[in-house]
2 protein chains.
Amino acid sequence: MLRSPIKHCRNCGTAVVYRIPDDGDTRERAVCPACDTIHYENPLNVVGTLPVFADKVLLCKRNIEPRRNKWTLPAGFLELGETAAEGALRETDEEAGARIELEGLYTVISVPRVGQVHFFYRARLLSTELAPGPETVEARLFAEHEIPWEEIAFRTVSETLRLYFADRRSSQEASPDSYPVRDFSLG
Amino acid sequence: MLRSPIKHCRNCGTAVVYRIPDDGDTRERAVCPACDTIHYENPLNVVGTLPVFADKVLLCKRNIEPRRNKWTLPAGFLELGETAAEGALRETDEEAGARIELEGLYTVISVPRVGQVHFFYRARLLSTELAPGPETVEARLFAEHEIPWEEIAFRTVSETLRLYFADRRSSQEASPDSYPVRDFSLG
């Protein structure tokens, strides 16, 4: 299971049954036998940033599970009412207390095994004064050779960092605005 | 409200209360007073394609609400277990019975008012034989001057079409692979 199963109807509380609804659907859903509510479950979006200051990138040491004490780019679940860019800015503020300017969407990575899509935006860090929030043990800047590759919390983060350093090397002259958006999936 | 509110706990069926959880969260969630389950609700991803054959694009006339009888690019909700690209392919098959080859992510459009993010991939239509499914009244190809702009179902679709025709005009020489990915939001 990707998540804990739905046991009761969100509308009336009756125990649900998993079956294919009668409306032409092709997948099993949690259906309420009392009020006919169909409960859909869909992938979640995780939104974050890759903040850059001179030749360094900002990473946060996680103070929460999963992967407590591993390093990540600032990121978290997109909330209702937000755009992807707004969510990425908010998470960067919450986790690192970092003042940034978003530069553009950079990676869009589907992770079907856990039902998530991860978005990372390139960002310009405007100040090295950081104020990590309660979800972060420590926030600091790393040059490429300092990145703790074996201690990165998530593969979407290490892939985003690897792509960024590769793009930076191969386009010394080019503006970061010319870095292509990468859309792919991790199995 | 973006969606109908959660009234009962998915785990035990008890009536929930909306409050800020005690775990450092900052938003009201549906919390179960009996088993403490916190119910998160997050934006949904809609994934689809912009299938092109020669100078024409494929549109589908919707046979379902909302916007029944309006025209759309083939698209629908991303499902658990899928990548964004897989979902876009599946929806194109289900709604148009179209054989396509995906060419690249093209638009990523946040629509915070309805709690959605829409993804459209450029695609090459491999055959003009179409087999619309039950959610589609009719699927057909349109040249730019034939597009029924006033009868397009969703703004994310009309914006994606407008960008595509503009990019095609301004880059006659360039490969579609050089079309930039567009990330923006619609209020």
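**Interface between chains A and B**

The two copies meet through the same surface, because 100% of the interface residues of chain B are also interface residues in chain A. The model is predicted. In it, 39 residues of chain B are in contact with 39 residues of chain A.

The symmetry was examined by superposition. A turn of 180°, with a shift of 0.0 Å along the axis, lays chain B on chain A with an RMSD of 0.0 Å. That is the relation of a two-fold axis. Within chain B, the residue that comes closest to the rotation axis is Gly13(B). Its C-alpha lies at 2.1 Å.

Interface size is considered next. The size of an interface is often given as the accessible area lost when the parts come together. Here chain B and chain A bury about 3,400 Å² between them. Carbon and sulfur atoms account for 53% of that area.

Charged and polar pairs also cross the interface. Eight salt bridges are found between chain B and chain A. One of these pairs Arg29(B) with Glu79(A). The closest N and O atoms of Arg29(B) and Glu79(A) are 2.6 Å apart. Across the interface, 21 residue pairs are in polar contact, with both residues at pLDDT 80 or more.

Several elements of chain B give two or more residues to the side that touches chain A. They are the strands β4 (44-53), β8 (100-111), β9 (116-125) and β11 (182-185), together with the helix α1 (84-96). By residue class, the side of chain B that touches chain A divides into 18 nonpolar, eleven polar and ten charged residues.

Definitions and conventions:
Residues are numbered from 1 along each chain as its sequence is written. Chains are lettered from A and ligands numbered from 1 in the order in which they are written. This is a predicted model: local features need pLDDT of at least 70, side-chain atom pairs count only at pLDDT 80 or more; totals for chains, interfaces and linings use all residues. Side-chain values use heavy atoms; hydrogens and water are left out. Copies are superposed by least squares on the C-alpha atoms of residues with pLDDT of at least 70 in both. Contact means heavy atoms within 4.5 Å. Buried area is the accessible area (1.4 Å probe) that two parts lose on being put together, summed over both. A salt bridge is a side-chain nitrogen of Lys or Arg within 4 Å of a carboxyl oxygen of Asp or Glu. A polar contact is a pair of N or O atoms within 3.5 Å; within protein, one must be able to donate a hydrogen and the other to accept it, and residues adjacent in sequence count only if both atoms are side-chain atoms. Helices (H or I, at least four residues) and strands (E, at least two) are DSSP runs, numbered from the N terminus. Ala, Val, Leu, Ile, Met, Phe, Trp, Tyr, Cys and Pro count as nonpolar, Asp, Glu, Lys and Arg as charged, and the others, Gly among them, as polar.
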